[in-house]
Amino acid sequence: MRDRFGREITYMRISVTDACNLHCRYCSPLPENEAGALPRKETVPAPAKSIPESAAGQNALLSPGEIREVSAAAVSLGITRFRLTGGEPLLRADLAEIIRGIRGIPGVEAIGVTTNGLLLAGRVRDLADAGMQAVNISLDTLDPDTFHRITGNDGEGLADILAGIRESLAVPGLKVHLNCVPQPGINSRDLVRLAALTLDHSLSVRFIEMMPIGCGRRAAGFDNRELLERLSREYPGITRDMDEQGSGPALYYRIPGAEGTIGLISAMHGKYCSTCNRIRMMADGRLKGCLSYDSELSVQQALQLESTDARRSALTRVLRQAILGKPEGHCFERPDDVTETACMIQIGG
Ligand code: SAM
C-alpha cells in the first residue's frame, strides 16, 4: 500500500531480539543521564561480559508463529520483502524456524538477515535452506585492535566473523553484503581496505553514514561524498553500477574489473526519505515508521486476540495505521526534533 506521501511500502525490517553479543560504540543506548543531551566526550562502552537478556525479558519476544502472523498481515498490505535483524538475530536458536515461517507465506519475495556474523559460521547453510536469500554482515574493520575498540570484543571474534563471511560466499545464490559504519579517527584507514574486498569477491561492501541514534548521537560520522572522492582517487574509473539494486537506499558503485560492488548509504548527506519503502518492527512488537521518531503503535494487543481472523484483521489494521503514520522524512539534521530514545540495538538498524 501507499503511505500519505505516495510511497509504496514493500519492505519490512523485523527485529527478533534486542539482545546482542557485541557492544558497538555507536549502536548501544546512551547512558541514562546523557539521553537528553549531546555530550562531547567519546568513550568506548564497556564490553558486554555475557549475552545480555532481552531488555523486554526473553518471554516478551515474539514467537516464530507470531512473527509469521505479523508478516502475513504485512504481505496482505503489499509488503513482499523482509529483513530479520536485532540485537543479534543469530542469538535466537529458532531463527531458521522464523525464516521458514515467513518463506511459507504466499507473496513473499525476499528474506534477508542482518548480523554481526559472530555466530554465523556453521549456520549459514541451515539458514539458507530455511529461505534466507541475503545476508548482511556488519564489519567495520579488518584490524583486531580496531575491532576491539569498536565492539568491545577481543580480536578473536573477528576471525569468527571472517569465517562466517567465507562460508556465506560459498553458498550458491546467497547475496552477501558487508556493512561498515565509517568513523573518523577510528576506522578511517580500513575503508579502502574493505572496499578492496570487492575486487576479488562477489559481495557488496556498503558504507553507512553514522546516524544520531543512541550512542551514535555522540559518535562522529563520515560524509559519504568525501568517501567516494577518496575511493575515486584510490580507484580511478569507479562508476555507478545501475544493475545492482537492493531493497533499500544504497547507491552502488563498481571499481573497474571488480567482482563485487560498493554501496553508499547516505542517510545524513544524501537524504533519501522520498523513496523510503519500509516499516520496522522492534523486538517488543512496537512498529516504527521512521528511525528518528518514537512510536506508540504495537502489534502486542492484536496478537492477544483469540480468534485467528480477529488477530489477522487487528494486525492488518495496526500495520496500516503505522504505514499511514509514516512521516515525510527523518529529522537527523535537527537533533533536537528527534523524539526516538531507543538505540539501534533495540530498533534493528
Ligand atoms: N547485530 C546485527 C548487526 O550487527 O548487523 C544487527 C543489528 S545492527 C543494529 C544493524 C545495523 O545497524 C548494523 O549494520 C550497524 O552497523 C548499524 N548501525 C547501528 N547503529 C548505527 C548508527 N548509529 N548509525 C548507522 N548505522 C548504525
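This passage walks through a sheet, a helix that packs on it, and the aromatic rings of a predicted model.

A good place to start is the sheet. It is open and contains 11 strands, arranged in the order E7-E8-E9-E6-E5-E4-E3-E2-E1-E10-E11, and its pairing is mixed. At its edges are strand E7 (239–240) and strand E11 (287–288), each of which pairs on one side only. Strands of a sheet pair through backbone hydrogen bonds, in either a parallel or an antiparallel manner. Strand E4 (residues 134–138) and strand E5 (residues 175–180) run parallel and are joined by five bridges. Within this pair of strands, Ser 138 is found opposite Asn 179 in E5.

Helix H7 (residues 224–234) packs on the sheet, where strand E6 (204–208), strand E8 (251–254) and strand E9 (261–265) are touched by the helix. The direction of H7 makes about 160° with that of E9. Asn 224, Leu 227 and Leu 231 are buried in H7. Viewed down the helix axis, the buried residues of H7 fall within an arc of 50°, and so they line one face of the helix. Their cover includes helix H6 (190–200), along with E6 and E9. On the face of H7 turned away from the buried side, by contrast, the exposed residues Arg 225 and Arg 233 are carried.

Turning to the aromatic rings, a search of the whole structure finds zero aromatic pairs. A ring does feature in another kind of arrangement, however: Arg 240 lies over the face of Tyr 253, at 5.8 Å from the ring centre.

How values were computed
Residues numbered from 1 in each chain as written. Predicted model: local features only at pLDDT ≥ 70, side-chain atom pairs only at ≥ 80, totals over all residues. Heavy atoms only, no water. Phe/Tyr/Trp six-rings, centres within 6.5 Å; stacked < 30°, edge-to-face > 60°. Lys NZ or Arg CZ within 6 Å of the ring centre and 35° of its normal. Pairing = 2+ DSSP bridges. Helix = DSSP H or I, 4+ residues; strand = E, 2+ residues; numbered from the N terminus. Contact = heavy atoms within 4.5 Å. Axes fitted to C-alpha atoms, helices over the stretch in contact; angles between N-to-C directions. Buried < 20%, exposed > 50% of the residue type's maximum accessible area, 1.4 Å probe, protein only. Arc of directions from axis to C-beta.
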